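Me: I've got a structure to go through and would like to talk over how its strands fit together. Can you take it step by step with me?

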Amino acid sequence: MEGFRLLLCQGGPVESTLRNKLEEALHPTHIEIMNESYMHNVPPGSETHFKVLVVSEAFNDLSLIKRHRLVNATLSEELKKGVHALSIVARTPAQWAKEPQEIECSPACQGGFGK
């Protein structure tokens with residue numbers, strides 16, 4: 001039954017690609033990828049809006065902006081091909097051990113421009 005539950009929680013192909021690329025490039029000690037597309041005006045099952053939490057020693061001695069640039073560079077192809085929004089939480093293992101091991105929920109979609 002456990003294998004069945006894991007199958008139900010498995011992400012789609014874009015989410016899997018994001019995870020694989022981040023794991024390969026950054027060797028994270030912890031990673032979470034949340035598909036937040038359901039919170040936006042997109043068809044059901046879309047993979048366009050994501051939040052990623054990456055904890056990696058690769059972020060040691062890097063400023064927050066450099067961490068974000070590293071994640072964006074790692075996922076540049078996906079950002080060109082259809083990932084419309086990417087929220088990034090990038091922490092070092094020391095930060096992850098010290099701080100609450102959770103991330104805030106994203107705000108509700110405001111409907112885009114013109115509202």
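**Strands and core**

Reply: Sure. Histidine 49 has alanine 85 as its bridge partner in β3. Keep in mind that this is a predicted model.

Me: Which residue in β3 stands opposite valine 54?

Reply: Strand β2 covers residues 49-55 and runs parallel to β3, with seven bridges joining the two. Opposite valine 54 in β3 stands alanine 90.

Me: And in β2, what is the bridge partner of histidine 30?

Reply: Here we turn to β1, residues 30-35, which pairs with β2 over six bridges in the antiparallel sense. The partner of histidine 30 in β2 is valine 55.

Me: Is β2 largely enclosed or open, and how many of its residues are buried?

Reply: Look at both sides of β2: His49, Lys51, Leu53 and Val55 point one way, while Phe50, Val52 and Val54 point the other way, and all are buried. Side chains in a regular strand alternate between the two faces of the sheet. So β2 is largely enclosed by the rest of the structure, and its buried count is seven of the seven.

Me: Which elements each supply at least two residues of the largest nonpolar core?

Reply: That core has 15 residues, and Val52 and Leu22 are among those with the most contacts inside it. It draws at least two residues from each of α2 (13-26), β1, β2 and β3.

Me: Which residues are among those in the other core?

Reply: This one lies apart from the largest core and has five residues. Among them are Leu53, Val55, Trp96 and Ile103.

Note on methods: Residues are numbered from 1 along each chain as its sequence is written. This is a predicted model: local features need pLDDT of at least 70, side-chain atom pairs count only at pLDDT 80 or more; totals for chains, interfaces and linings use all residues. Side-chain values use heavy atoms; hydrogens and water are left out. Two strands pair if DSSP finds at least two bridges between them. Helices (H or I, at least four residues) and strands (E, at least two) are DSSP runs, numbered from the N terminus. Buried means under 20% relative accessible area, exposed over 50%, partly exposed in between (1.4 Å probe, protein chains only). A nonpolar core is a set of buried Ala, Val, Leu, Ile, Met, Phe, Trp, Tyr and Cys residues joined through side-chain atoms within 4.5 Å.
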